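I opened my notebook to keep track of what I looked up in this structure. Come along and check each entry against the view.

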Amino acid sequence: MNKKLQGYIAHLSELDFSKMYGRDFFLTWEKSGQELDAVFTVADALRCLRENNISARIFDSGLGISIFRDNSTRTRFSFAAACNLLGLKSQDLDEKKSQIAHGETVRETANMVSFMADVIGIRDDMYIGRGNRYMHQVVDAVTEGYQAGILEQKPTLVNLQCDIDHPTQCMADLAHVIHEMGGVDKLKGKKVAMTWAYSPSYGKPLSVPQGVIGLMTRFGMHVVLAHPQGYDVMPQVEKIAAANAAASGGTFTRTTSMAEAFEDADIVYPKSWAPFAAMEKRTQLYDAGDSEGIARLEEQLLAQNADHKDWTCSEELMKKTKNGNAMYLHCLPADISGVSCRQGEVDASVFDRYRTSLYRQASYKPYIIAAMIFLAKVKDPGQALAQLESAGAARRRFF
Amino acid sequence: MNKKLQGYIAHLSELDFSKMYGRDFFLTWEKSGQELDAVFTVADALRCLRENNISARIFDSGLGISIFRDNSTRTRFSFAAACNLLGLKSQDLDEKKSQIAHGETVRETANMVSFMADVIGIRDDMYIGRGNRYMHQVVDAVTEGYQAGILEQKPTLVNLQCDIDHPTQCMADLAHVIHEMGGVDKLKGKKVAMTWAYSPSYGKPLSVPQGVIGLMTRFGMHVVLAHPQGYDVMPQVEKIAAANAAASGGTFTRTTSMAEAFEDADIVYPKSWAPFAAMEKRTQLYDAGDSEGIARLEEQLLAQNADHKDWTCSEELMKKTKNGNAMYLHCLPADISGVSCRQGEVDASVFDRYRTSLYRQASYKPYIIAAMIFLAKVKDPGQALAQLESAGAARRRFF
Amino acid sequence: MNKKLQGYIAHLSELDFSKMYGRDFFLTWEKSGQELDAVFTVADALRCLRENNISARIFDSGLGISIFRDNSTRTRFSFAAACNLLGLKSQDLDEKKSQIAHGETVRETANMVSFMADVIGIRDDMYIGRGNRYMHQVVDAVTEGYQAGILEQKPTLVNLQCDIDHPTQCMADLAHVIHEMGGVDKLKGKKVAMTWAYSPSYGKPLSVPQGVIGLMTRFGMHVVLAHPQGYDVMPQVEKIAAANAAASGGTFTRTTSMAEAFEDADIVYPKSWAPFAAMEKRTQLYDAGDSEGIARLEEQLLAQNADHKDWTCSEELMKKTKNGNAMYLHCLPADISGVSCRQGEVDASVFDRYRTSLYRQASYKPYIIAAMIFLAKVKDPGQALAQLESAGAARRRFF
C-alpha cells in the first residue's frame, strides 16, 4: 500500500467522525475538531489516490445538484470536479433560467431537483440572514421528502458559501497552510492576520473573513481581525471566534490598524468585505423593493471604502510580517493594484511573488468538497479508501 | 431475486410491447394499452433496482440531448436524472444561446446535435400546431441521418411536452394514482375531474388537460372535463378521449360547472390553461410578428380569466368529492392562493394537506422517462432487468 | 479482430507521431504529415469501435473543459460527444456568466478551471491576433501549474477554432474528402476551390478558409483561393499554403474570379468571410472602445459585401466543375438563398443535392476531436485500440 495513503488511513482510525455519516456540512464550528481533521485527512487521501491514478468512484451513477444564487466560476468548477471524482454528475440549477424565480417555494424546488440527487451544493451569500437559513430549509425539505418515501435518498448538503461561513474555502485555505507548515501540530502559536483591504467594488461577502476567524481560532493560533471603523463582521461569529480561541489556547483579538495586524504575522489574509450593518440594511432595502435606497446605500458605501485606500497589502506592510515572509492568502480573484484595478487589495509585486502559492491554496477546494461528500456518504471511510486502493481501478488508462 | 422485481418481470412477459423497440414516444394514444402498461411496469422495476442500490446502467457512454423551447427546471432535472440512471450524459440545447435561432433548419440541427446521441428529449409546448410537428420533423431528420450512415444510431425521441400531449407528466400522474389505488385494475369506475382553475397568469399550456383526458379515459374511468365557456381544449383530443372512453367502458363528459365535476369525484386535477382558440390566434400573431396584437390578446385573456376567479379548488369544493377525500393532483408548480399569488388555482390549506402526495406524484416522472428510453433501446426488457439484478452492480458503494 | 480496425492499427504502426503524446493541438501546419495521418487514422478507429458497440472509455472520470468566447452549438456538441466517448465529462465555461469577464487574468482562470481537467477545448475566433495567442497563454499557464504541482495533470489543449486556424473543422472536412475519394493517396492532383461567397451578414471568421488552404496544400492538391479584391486572408497563412504546396508537389494559386476557381474543380468550398484588414481594424476599434467606429466599419463592410452578390455557388457555376459534379463542402450553417436568407452563399437546389454529404462531412468532427485527445493522452495508441477491442466492453448493452 502507498505509504502516504496508509498514513491517512491510520490517522482516520484515531478520529471520531461517526456523526458525519448521513449528515450535512453547514458551518465549520458546528463540527468537532476531529471531524474537521477527518475532512483534511480524507481530502489528502483522495488527492493521493488521484495522483496515483486510482479511481475514487464510489458512485456508478447519481447526481450532484448545485444551486447558485450568485455567479461563480471557480466554485462551480470545484463542485463539478469533486462530483466527477466520486462518480456523480453535477447538474446546475441556475435561478435565473428556472421557474424557481416565479414564486416557487423552497420546499417544493428542493424536492423536485432531488429525485436522484446524492448531493446538493448551495451558494447563497448575498443577503445577510438568508443564505444559511435557506440551506437549512432545503435540508429540512429533502429530509422530509426522504422520510415520506418521495426521495430514495437524503441528499447531503455541502455549503458552498452562505452569509455566515464559507467552509469549503476556509478549509481549503487551512489545508494549504497545514501543508506549507508541515502539519496541523505546527499551527499552534502562529499569528494570523485576517484584515480588511480596500477594493473599488463594494458589497463583497462577509463569509470569508467570518469563516477564517471561525475556523483558524480552533488550532491554538493567534488570530487578529483588522478593519477600519465600521467594517464589523457579524457579532455572533466574533463570539464564536473568541470562544474557539479560549478553548484552543490561542487568542482572538481585534484592531483597527492593518500595520498592527501584520506585525510579526505568520499568515496574512487581506481581503475586502462589506460592513455587516450595511449588508443588513441592504437586505432590508431589497425586501422593501426600495431600489432608490439601494442606489443611495451603494454610493455611500463606495465613498466609505474610498476613505480607506491605504488599507492595501503593500510591500512595505509585508516587510512587517515574520521575517518579512508571511504566507499571503487570498480566496481569489484579488483586486490587484495596477492589474485588475487602479488601486486594490494588494500590490502587484506581492501578488506576483505568491501566485504559485495562491493557486496551490485554491487547488485544495475540490478535494475538501469531495471529502465532505465522502464522509457523509461512506460508512467506513478508512476501509473504503483501503479498498479503493487495493482494487486499483485506473482513473485513466493506457498512459 | 427481489420479489417485487420478479413480479414486474413476470408481468412484462404477459405484455406485447415489441413495437416500442427502436421507436419514439410522441402521444400516449398512439400506444396500445399493453405498451402503456409496459412503461408503468418498467418504471416501477427501475425504481425498485435503484431502491435496492442496483445499477441500471445499460449505457457505458452516450448522450441524451434535450431541446427546450421553453424554460423548465423540473423537466430538465427529470430528464437529466433518467439519462444518468441509464448511463447517458444529458446535454442541453438551449435555443437562446445556440445558432438554432439564426434560421438553421430543423433537419440540420437535429443531425448536428445527434452524432453520438442515443436519446433526444424535446419540450415545445408554446405554439399550437407546432410542438408535435417539430418533434416529428426531428425524428424524420435523424431517421434519414441514420439511414444515410451519418449517425451511428437513431436517437429515440421522448416527448417532454408538446402542444398536444404531455405524456411523461400524465403517465407519472397516473403511475401515482395506480400506486395509491393499489393497481391498474382499481381504476375502473373511478371518477376523474380534470377542471380548469383560475390563475393570475395566462397562457398556460393545454398539454396537461389534453394529456389527462387522452390517457385517463383508457382505463374505464369516468373522466369529466370542466371549464368555463370559451376555455375549450383541442377538439381533436376531445374526440380521442370520447373514443377511448367508449372502448374502455368508461365515460368522457363535459361540464361548465366545477362543482358538478367535483361531485363524488375520486380524483381532481384543477389547473389553469389557456383557451385553445386564443392560443391558435396567438400563434398566428407571432407568425405575423404582430406584437401589438399579442399585447392586446394578452390583456383580453387576463380580463377573461378574471371573470372566473371562483374556479378555485377550495376546501368547500373538496368536501363535495368522494368522502370529501379525493386524490388531488397537480403537475406543479401550482398557483396557491395567498402563497404564490393573491388568488389562484387552489386554497393553501388544500395544497398543504396534499403536499406529500403531490411530491410523490412528481417523483414518478424520472422513472417514466427512463422506462420510455429503456423500452426503446432494450431488445428484451424483462431479461435485461433480470440480468441487471443478478449482476448486482452497486449504484453506490461503501455505504 | 475487426478487419478495418486491424488495418488502422497496422497503419498507425508505420507512422511517427511520438511527439503528440502529452502535447497540444494548435495549428495543423505545426504538425507533421504523419501526425495528421495519425489523427485521421485514430478518428476512423474510434468510429469503428463505436459502430461495433465497443467502449472507447480510456477515462474512468475526469473533465473536459470547454471555453467558448463565441456562441456555438455544433462545436459544443462535438466536443461534448468526443469527451463522452472517452469517458470525460465536459464542463463549459461561458464567459458571460463567469467572473472571467471581471478582469481575471487568463493565467489564473486557466488554472482555476483545470484542477481535475484532462482536456481544455477553446474557441476564440473573433479578434485577429488574439485567439491563438490566448490559447498559448492558457497552455503556458497550465503547464506552469502542472510543473508547480498545482495541477495533477497538464490538460491537453484542443483548438476548437482560433483567429488563424480551425483544425477540427478542416480535418473533419478532409476526413470526409478522403473517405469520399477512397484514400489519402487519391488526393494528389485534385483541384480544390476555396472561394469567398456572398452573405448578408458580415464578419464571419477567417479561420475556415485559412485552415483549408493551410491543410489541403499538404497533399499534392491544386488549391485555389478565390475572393473579390480586398477580401484577403492573413498573409502569413498564404505563405504557409504556398510553402506546403511546393513541398507536397501541389500548387497554391489565387484568383479574383469565382468561375475560374470552379473551372474543373474536384472540390469546391464556397463560404463567406470578412477581409483580414477589416477584422484587424475592428480588433483595434474594440481595443479603443470606439463603438461609433465599429458601427461605421460594419456599415462599410455590409456595403462592400453587397457589391459581390454574384459570388454565390449557383447551379451554373457548379456545371463548370469536374463533370459538373465536384464535391461541395461547407462547415455549416450555410446562408442558403431563399431559405435562410434572400440571397446567400449557395443556391437552394445545390445545397439540397449535397445535404447528405454535408451532414456526413460534419459527422467526422467529434471523432477528429476525440482522436486529438487520444493521441495526446495515450502512450501507445495502436496497442490501446487493440486492447479496447479485445476487452470488448459494450458501449450499450441488451440491444
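**Entry 1: the axis and the copies**

I started with the rotation axis and found that A:Lys89 comes closest to it among the residues of chain A, with its C-alpha at 4.7 Å. The operation behind this axis is a rotation of 120° with 0.0 Å of shift along the axis, and it superposes chain A on chain B with an RMSD of 0.0 Å. Copies are superposed here by least squares on the C-alpha atoms of residues with pLDDT of at least 70 in both. The two copies meet through different surfaces, as 8% of the contact residues of chain A recur in chain B; contact means heavy atoms within 4.5 Å.

Before going on, I noted the ground rules: this is a predicted model, local features need pLDDT of at least 70, side-chain atom pairs count only at pLDDT 80 or more, and totals for chains, interfaces and linings use all residues. Residues are numbered from 1 along each chain as its sequence is written, chains are lettered from A and ligands numbered from 1 in the order in which they are written, and side-chain values use heavy atoms, with hydrogens and water left out.

I then tried chain A on chain C: a rotation of 120° with 0.0 Å of shift along its axis superposes them, RMSD 0.0 Å. These two copies are thus related as by a three-fold rotation axis. For this pair, A:Lys89 has the C-alpha of chain A nearest the axis, 4.8 Å from it.

**Entry 2: the interfaces**

How many residues does each chain bring to the contact between A and B? I read 40 residues from chain A and 36 residues from chain B. The area buried between these chains is about 3,700 Å², and carbon and sulfur atoms give 53% of it. Buried area is the accessible area (1.4 Å probe) that two parts lose on being put together, summed over both.

I counted four salt bridges between chain A and chain B, taking a salt bridge as a side-chain nitrogen of Lys or Arg within 4 Å of a carboxyl oxygen of Asp or Glu. I looked up the one in which B:Arg395 meets A:Asp118, at 2.8 Å from N to O.

Next came chains A and C, where the contact takes 36 residues from chain A and 39 residues from chain C. Which residues of chain A lose the most area to chain C? They are A:Phe77, A:Tyr359 and A:Phe398, together 21% of what that side buries. Chains A and C also have four salt bridges between them, and I found A:Arg395 joined to C:Asp118 at 2.9 Å, N to O.

**Entry 3: a sheet in chain B**

I moved on to an open sheet of four strands in chain B, which has the order S2-S1-S3-S4 and parallel pairing. Strands and helices are DSSP runs numbered from the N terminus (helices H or I, at least four residues; strands E, at least two), and two strands pair if DSSP finds at least two bridges between them. Why do S2 (89-94) and S4 (156-159) of chain B each have one side without a neighbour in the sheet? They stand at the edges, each with a single partner strand, so that side is left free of a neighbour in the sheet.

S3 (residues 117-123) and S4 of chain B pair in the parallel sense over four bridges. In one of them, B:Val119 has B:Thr156 of S4(B) as its partner.

I also checked helix H14 (residues 365-377) of chain B, which lies across S3 and S4 of chain B and runs at about 155° to S4(B). Angles run from 0 to 180 degrees between N-to-C directions, with axes as lines fitted to C-alpha atoms, for helices over the stretch in contact.

**Entry 4: backbone oddities**

Most residues other than glycine have a negative phi, and most peptide bonds are trans. I went looking for exceptions.

- B:Leu332 and B:Pro333 are joined by a cis peptide bond, omega about -5°, and B:Pro333 sits in the loop between strand S9 (327-328) and helix H13 (348-363) of chain B.
- The bond from C:Leu332 to C:Pro333 is also cis, with omega near -5°.
- C:Leu332 has a positive phi of about 60° although it is not a glycine, and at 6% relative accessibility C:Leu332 counts as buried (under 20% relative accessible area; exposed is over 50%, partly exposed in between; 1.4 Å probe, protein chains only).
- A:Asn53 has a positive phi of about 60° too; A:Asn53 lies in the loop between helix H2 (33-51) and strand S1 (63-68) of chain A and is buried at 14%.
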